Amino acid sequence: ENWLGWAKNISNGVMQAIDAATSMDDDVPMSGRIASTTLDKVMSGGNRNRLVEVQHLHCFGERIIAVSAEPLLGLKELCLTDSLLVGYSRDVFGYWPREMQFGLGGYEVNGFKDWFGVAHAWQSGLDDVFSGLVKY
C-alpha cells in the first residue's frame, strides 16, 4: 500500500511536469535512436516477442544510453567514452550483468529472475550483445 502511494505520487509529478511543458524553438542539435534485440538473445528460453532495448540520445553535447534493465557494474566499460549509462528504461526485464559476473551469483545475477518472470539461464555472448546494442 505504501509503495502504491509512492508510485502514484511519482506518476502524478511526472504528468504535472509534462502538462506544464511549453513548446519552444531552439537550435540545439539532438538525435536519437533505439537499438533492440529480443529476450531470447539475452536469456535461453526467453520470450522471443519481448524486446530488450537500448535508447541512444545525443543532446547538449551529451551521450545518454538508456537500457531496459539495471546495468550492473562493468557494463559502462563496454560503452563509448563519455557516455552516461542509465537503466530502468521502457520494458525492464531485470538486471544486466557482465559475463564475468555469472559465477558470482547473487540477487543481481540470478536471484531476481523469478520476481521479474524471466527464470532463464543467461545466453553466452551476453557482453557482445550489449556491446552491439550500445554502439551508435
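This briefing describes aromatic pairs, salt bridges and one buried loop residue in the structure above. The model is predicted, and every value given here was computed from it. Within it, the count of aromatic pairs comes to 9, while the count of salt bridges comes to 5. The points below take up some of these pairs in turn, together with the places in the chain where their residues lie.

**Aromatic pairs**

- Among the 9 aromatic pairs is the one formed by Trp96 and Phe130, which is edge-to-face, with 5.2 Å from centre to centre and 70° between the planes.
- Because Trp96 belongs to strand S6 and Phe130 to helix H5 (residues 126–134), this pair ties together parts of the chain that are 34 residues apart in sequence.
- Trp96 is buried, its relative accessible area being 0%, and Phe130, at 0% relative accessibility, counts as buried too.
- Phe102 and Trp122 form another aromatic pair, and this one is stacked, with 6.1 Å from centre to centre and 10° between the planes.
- Distant parts of the chain are linked by that stacked pair, since Phe102 sits in the loop between S6 and helix H3 (107–111), whereas Trp122 sits in the loop between helix H4 (113–116) and H5, 20 residues apart.
- With a relative accessible area of 25%, Phe102 is partly exposed, whereas Trp122 is buried, with a relative accessible area of 11%.
- Ring pairs also join residues into a cluster, which is made up of Phe93, Tyr95, Trp96, Phe102, Tyr107, Phe112, Phe116, Trp122 and Phe130.

**Salt bridges around Arg98**

- Arg98 forms a salt bridge with Glu77, in which the closest N and O atoms are 3.3 Å apart.
- Because Arg98 lies in the loop between S6 and H3, and Glu77 in the loop between strand S4 (70–71) and S5, this salt bridge ties together parts that are 21 residues apart in sequence.
- The two partners are set differently with respect to the surface, for Arg98 is buried, with a relative accessible area of 11%, whereas Glu77, at 62% relative accessibility, counts as exposed.
- Arg98 forms a salt bridge with Asp127 as well, and here the closest N and O atoms are 3.2 Å apart.
- That second pair likewise links distant parts of the chain, with Arg98 in the loop between S6 and H3 and Asp127 in helix H5, 29 residues apart.
- Asp127 counts as buried, at 12% relative accessibility.
- Taken together, Glu77, Arg98 and Asp127 are linked in a network of salt bridges.

**A salt bridge between Asp40 and Lys41**

- Asp40 and Lys41 form a salt bridge in which the closest N and O atoms are 3.9 Å apart.
- Asp40 is buried, with a relative accessible area of 17%, a value that falls under the 20% limit used for that term, whereas Lys41 is partly exposed, with a relative accessible area of 46%.

**A buried loop residue**

- Ser89 is found in the loop between strand S5 (83–86) and strand S6 (95–96).
- Although it belongs to a loop, Ser89 is buried, with a relative accessible area of 10%.
- When residues up to four places away in sequence are left out of the count, Ser89 touches Gln55, Ala66, Val67 and Ser68.

Definitions and conventions:
Residues are numbered from 1 along each chain as its sequence is written. This is a predicted model: local features need pLDDT of at least 70, side-chain atom pairs count only at pLDDT 80 or more; totals for chains, interfaces and linings use all residues. Side-chain values use heavy atoms; hydrogens and water are left out. Helices (H or I, at least four residues) and strands (E, at least two) are DSSP runs, numbered from the N terminus. Buried means under 20% relative accessible area, exposed over 50%, partly exposed in between (1.4 Å probe, protein chains only). Contact means heavy atoms within 4.5 Å. Rings of Phe, Tyr and Trp (its six-membered ring) pair if their centres lie within 6.5 Å; planes under 30 degrees apart count as stacked, over 60 as edge-to-face and the rest as tilted. A salt bridge is a side-chain nitrogen of Lys or Arg within 4 Å of a carboxyl oxygen of Asp or Glu.
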